[in-house]
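Me: I have a new structure to look at and don't know where to begin. Can we go through it together?
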Amino acid sequence: MSDTNRNRLMLVIAIVMAAIYLFPLYWMFITALKSGSEMFATPPSFWPSEPQRSTYAFVWESRGMGRYLWNSLIIAFGSVILITVLGVGCAYVLARYRNVWVDIGLFLILMLQVLPASLMITPIFVGFSQLGMLNYPRLAVIIAIAAKSMPFFVVLVRATFMAVPQELEEAALVDGNSRVGAFFNIVLPLARNGILVSAILIFMQAFGEFVYSKSIIQAVELQPASVGLNSFMGPNTNEWNNIMAYATIYVTPILAIFVLLQRRIVSGLTSGAIK
Amino acid sequence: MKRLLSSIRDGNGFDIVLVAFPLGFLFLMAGLPLLYNILMSFQEVDMFSLGTFLRPFVGFKNYQDLFAQPETWPILGNTAIFVTGSIAGQFLIGFGLALFFWVNFPGASWLRGLFLVSWVMPGLVVGAIWNWILSGDFGVLNFMLRETGIISGNIFWRSDPNYSLYAVIIANIWLGTAFNMILLSVGLASIPGDLYEAAELDGANAWQRFWTITLPMMRSTIGAIVSLGLIFTLQQFDLFAAITSGGPNNSSNVTQYWAWDLSFRQYDFAKGATISVIMIVFVMFASVVYVRSTRHEVRG
């Protein structure tokens with residue numbers, strides 16, 4: 001078999017495997033377009049006979065999705081800003097030095113990364129309620145997410161800073177820059193892409209965050225879309241087309257960002273997690 | 001004062017400031033809750049004493065009560081099944097896919113990256129989709145299994161106590177496979193190609209090359225991925241909330257969901273904290289293994 005033929009065969013098998021793997025996603029999009037009766041048809045139809053586009057508008061209105069997504073955006077942006085402001089400097093210092101203190105710091109950070117949110121929420125909730133933080137529930141969630149996700153961000157961004165040649169910073173210092181000046185004018189611009197990709201990853205995580213929001217935010221008008229989806233799915237629900245329409249509206253922006261920036265996201269992710 | 005300012009602007013003070021704030025924040029928001037958790041597990045906590053730090057100290061009573069409950073051991077068992085099943089499934093499928101995509105062909109890296117959408121989607125959405133796919137009467141999975149003749153009657157994945165845990169495991173395997181595959185691909189790419197050329201010259205077939213080169217060279221990667229898998233599966237909460245809510249009758253309940261359920265559904269914060277402490281010890285153990293297997297990276 002020639003090389004081109006082999007490549008074509010491999011590509012076809014790969015596409016088939018990707019199609020099987022991504023079938024749940026396809027099923028979400030398709031179910032959202034089905035009518036109430038078609039959804040429960042046996043055998044199930046794999047292509048909607050009469051696509052119901054009005055479902056989206058109906059779900060958007062009836063579930064108040066605008067408000068939910070707005071809250072998700074606030075929480076996600078708040079977390080990303082807090083994490084970036086705090087995490088970039090930390091990652092820079094941990095990348096710049098190699099001594100036993102950096103090892104200890106990294107070890108502690110890696111340890112904090114692994115604490116499951118659903119186990120940490122009990123002390124965080126009780127502590128926040130004692131401090132009166134529950135009166136600002138979205139801020140409380142942002143802080144909790146920041147504490148949870150910052151270690152991951154630091155590990156990723158540290159890998160980016162390690163790729164910035166130290167000679168450039170030293171040259172800037174010799175030319176009369178202060179440390180602050182060298183950091184902001186030389187190092188930060190060079191690490192910009194890596195920081196951006198890590199921030200996007202954090203954004204996607206925070207946009208779908210559930211445990212903290214569900215536990216801390218009681219008022220419906222402040223809840224994010226993940227909690228809204230959870231309350232939409234009662235134990236005996238049969239509105240699956242509406243739920244899938246909700247899910248479609250919720251994830252499509254994330255999927256779009258991911259597909260557009262796929263290459264960078266994947267390489268950013270792999271550079272930090274494992275060398 | 002002036003020296004301090006100039007040190008912050010142009011000396012080691014700059015580094016210390018950059019590190020002090022994030023570490024202080026992490027200590028306040030992750031370290032202190034951890035300690036507070038341990039403290040609460042030795043206290044009597046109810047709705048009335050929620051607002052004070054000085055609650056009655058009860059020693060190991062919470063721990064004793066916890067293990068006296070009939071559901072404790074089954075839930076610990078479920079956790080073990082969930083973790084083993086998820087990791088085994090994610091790892092084996094992920095490794096298979098990584099080996100396949102390792103054969104370089106045009107479009108391989110792009111298609112491989114596409115798998116990762118399962119990982120970037122919100123857990124609640126993944127849970128909702130699988131909840132619908134696994135539905136008993138109208139679920140598409142049951143339809144496919146029936147058509148291929150694997151089962152004759154519908155399996156009620158979510159409401160049958162024999163299957164409910166496996167429903168969540170299936171969803172979790174789907175969720176985590178891509179991440180495993182991407183990390184394993186990185187490990188595979190770092191094996192020097194001349195090792196294989198040498199083995200091929202020596203007459204080793206593909207099977208022998210896999211067992212004598214690929215697996216030994218991947219040892220530290222595999223160790224890191226399995227311990228990462230353990231960490232991630234013990235964090236998995238959203239799928240339980242979206243698919244079974246731990247039911248029916250705790251048959252699909254695992255510790256990380258149970259801890260939350262005790263605290264926020266039954267308002268038994270002391271028990272919730274107690275389970276959290278026990279599980280965090282496990283997770284810490286896994287993370288020590290993880291850090292050890294990536295220590296080349298940590299040391300630089």
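Reply: Start with a term: helices and strands are DSSP runs, with at least four residues for a helix and at least two for a strand, numbered from the N terminus. Also note that this is a predicted model.

Me: OK, how many helices and strands in chain A?
Reply: Chain A has 15 helices and 0 strands.

Me: And what box do its C-alpha atoms fill?
Reply: Along the principal axes, the C-alpha atoms of chain A take up roughly 75 × 70 × 30 Å.

Me: What share of chain A is buried?
Reply: Chain A has 275 residues, and 49% of them count as buried. As for contacts in chain A between residues at least 6 apart in sequence, 75% link residues at least 24 apart.

Me: Now the two chains. How many residues of each are in contact with the other chain?
Reply: On chain A 78 residues are in contact with chain B, and on chain B 85 residues are in contact with chain A. Helix H7 of chain A, residues 117-131, gives the most to chain A's side, with 12 residues.

Me: What classes of residue are on that side of chain A?
Reply: The side of chain A that touches chain B has 57 nonpolar, 16 polar and 5 charged residues.

Me: Different topic. Where is B:Phe240?
Reply: B:Phe240 sits in helix H13 of chain B, residues 238-243.

Me: Why does B:Phe240 count as buried?
Reply: Because 28 other C-beta atoms lie within 10 Å of its own, and the cut-off for buried is 20 or more.

Me: What does B:Phe240 touch, leaving out residues up to four places away in sequence?
Reply: Its contacts include B:Val168, B:Val254 and B:Tyr257. B:Ile169 is 71 residues from B:Phe240 in sequence, with 9.7 Å between their C-alpha atoms.

Terms used
Residues are numbered from 1 along each chain as its sequence is written. Chains are lettered from A and ligands numbered from 1 in the order in which they are written. This is a predicted model: local features need pLDDT of at least 70, side-chain atom pairs count only at pLDDT 80 or more; totals for chains, interfaces and linings use all residues. Two residues are in contact if their C-beta atoms, placed from the backbone, lie within 7 Å. Ala, Val, Leu, Ile, Met, Phe, Trp, Tyr, Cys and Pro count as nonpolar, Asp, Glu, Lys and Arg as charged, and the others, Gly among them, as polar. A residue is buried if 20 or more other C-beta atoms lie within 10 Å of its own, exposed if 12 or fewer, and partly exposed in between; C-beta atoms are placed from the backbone.
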